[in-house]
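Here is a short tour for anyone who likes to know a protein residue by residue before going to the bench. Have the sequence and the 3D view open as you read.

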Amino acid sequence: EVLTDAVPAQLATQIFEAVAQSSRGISQRELISFLVILSTGTLEQRMRLLFAICSRDDETVTRPSLDSLIVACDGRSPPCVGELFAPNPHTKKSGSSSRHHQLQSEINDVVEFDRFTSWASKHHKSVSFMHWILGSEPGTQPSLSDNNTTPTFYQVMAGMTQLSDTEVAELERRYWQLKGASKTGKLDLETLAPNISPPLPECASAGLYAAIDTNGDGHVDFKEMCCAISTCCRSTSDQERYKFVFRIFDADRDGQLNEEEYQCMLKTFALLEHS
């Protein structure tokens, strides 16, 4: 949702994996840090971000992985990729450790951070996503605003939704109130359900919670809450709202409503009509 459909799915996935520090997904702090580095970070910070995106183990970049990502973005891998994985003539041939790294690079097509950054600095214009992240000149990296100031957290969230930064600030206050009242310390279904107005049948309450909890980790984070409220209350797209309502009742996530799900929807609509 932040990167939009213009970013290929494989690149979006690897950005997500590079930014997220836990299996629970990207935290608010991690998201803001990513956006700030992308828009106003130093060249070194953006280079480390690029390496993290291209690396699958945070230590090395492999040719199959890099080729796959480049092809997903550009349709083909440029010849300069071969230069990155070519045997390094400056590698010392003495010593078991040096020999090990040389053989690893030659046989497994693996490079480490220093060699990758040297190559990327020279050839990033040949790969669209690298050029997007690094920029061609100082100050040409992606921008989140029309001036040189770093956007506030509320401005970033407002930019991701159709809410104002003032509304985001008020939602944050309410979000932390709900989390503080939760027995688990999370915004779970038990905490959210009594705050739904008008009250919904149990099947619909669980479905609404699942529709908001887009990453399926069992709790609603602040981004998910903002996006859901924006979709329900501010979206100008009927299709977007219809998709959200459909997710509420599609409990098994198979893309269609079975008889039980359909009856839950009818029961909910009838209840809302007379509330």
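A residue is called buried under 20% relative accessible area, exposed over 50%, and partly exposed in between. With that in hand, keep in mind that this is a predicted model.

**A residue with positive phi**

Arg253 has a relative accessible area of 39%, so it is partly exposed. Look for Arg253 in the loop between α14 and α15. Its backbone is worth a glance: phi of Arg253 is near 55°, a positive value in a residue other than glycine.

**Two more loop residues**

Which peptide bond is cis, with omega near -5°? The bond from Ser197 to Pro198 is the one to look at. Pro198 sits in the loop between α11 (189-192) and α12.

Thr161 belongs to another loop, between α9 (153-160) and α10. Its relative accessible area is 10%, so Thr161 counts as buried. The side chain of Thr161 reaches back to the backbone oxygen of Met157, at 3.0 Å.

**The disulfide and other cysteines**

A disulfide is a covalent bond between the sulfur atoms of two cysteines. The structure holds one disulfide. Cys203 and Cys264 form it, with their sulfur atoms 2.0 Å apart. The pair links distant parts of the chain, 61 residues apart: Cys203 is in helix α12 (residues 202-212) and Cys264 in helix α15 (residues 259-273). Because the torsion about the S-S bond of Cys203 and Cys264 is about 95°, the disulfide is right-handed.

Are the two partners buried or exposed? Cys264 is buried, at 11% relative accessible area, while Cys203 counts as partly exposed at 37%.

Why does Cys226 have no bond to the closest cysteine sulfur? That sulfur belongs to Cys227 and lies 6.9 Å from the sulfur of Cys226, which is too far for a bond. Cys226 is also buried, with a relative accessible area of 0%. Cys233 is in no disulfide either, as the nearest cysteine sulfur, that of Cys232, is 5.8 Å away. Cys233 counts as exposed, at 57% relative accessibility.

**The second largest pocket**

Some of these helices turn up again around a pocket. The second largest pocket has a volume of about 640 Å³. Its lining is made of 24 residues, and those nearest its centre are Ile196, Leu208, Ile212, Cys232 and Phe244. Helices α12, α13 (222-233), α14 (238-249) and α15 are the elements that give two or more residues to this lining. What is the make-up of the lining, in nonpolar, polar and charged residues? The residues divide into 20 nonpolar, three polar and one charged.

**Salt bridges**

Side chains of opposite charge can pair when their charged atoms come close. A search of the whole structure finds eight salt bridges. Among them are the three in this table.

| Salt bridge | N to O distance |
|---|---|
| Asp67 and Arg63 | 3.3 Å |
| Glu83 and Lys122 | 3.4 Å |
| Arg173 and Glu170 | 2.4 Å |

Where do the partners sit along the chain? Asp67 and Arg63 both belong to helix α4 (residues 63-74), four residues apart, about one turn of the helix. Arg63 has a relative accessible area of 28%, so it is partly exposed.

Arg173 and Glu170 share a helix too: both lie in α10 (residues 165-181), three residues apart, about one turn of the helix. Arg173 is partly exposed, with a relative accessible area of 43%, and Glu170 is partly exposed as well, at 41%.

The pair of Glu83 and Lys122 spans two helices. Glu83 lies in helix α5 (residues 80-84) and Lys122 in helix α7 (residues 113-123), so the salt bridge ties together parts that are 39 residues apart in sequence. Glu83 is partly exposed, with a relative accessible area of 40%, whereas Lys122 is exposed at 60%.

**Back to the 3D view**

To revisit the disulfide, go to Cys203 and Cys264. For the pocket, Phe244 is one of the residues nearest the centre, and for a bridge between two helices, try Glu83 in α5 and Lys122 in α7.

Methods
Residues are numbered from 1 along each chain as its sequence is written. This is a predicted model: local features need pLDDT of at least 70, side-chain atom pairs count only at pLDDT 80 or more; totals for chains, interfaces and linings use all residues. Side-chain values use heavy atoms; hydrogens and water are left out. A disulfide is a pair of cysteine sulfur atoms within 2.5 Å. Buried means under 20% relative accessible area, exposed over 50%, partly exposed in between (1.4 Å probe, protein chains only). On a 1 Å grid over the protein atoms alone, a cavity is a set of points where a 1.4 Å probe fits but cannot get out, and a pocket is an open set with protein on both sides within 12 Å along at least five of seven lines; lining residues have an atom within 4 Å of a point. Grid points are joined across faces, edges and corners, and a volume is the space filled by probe spheres set on the points. Ala, Val, Leu, Ile, Met, Phe, Trp, Tyr, Cys and Pro count as nonpolar, Asp, Glu, Lys and Arg as charged, and the others, Gly among them, as polar. A salt bridge is a side-chain nitrogen of Lys or Arg within 4 Å of a carboxyl oxygen of Asp or Glu. A polar contact is a pair of N or O atoms within 3.5 Å; within protein, one must be able to donate a hydrogen and the other to accept it, and residues adjacent in sequence count only if both atoms are side-chain atoms.
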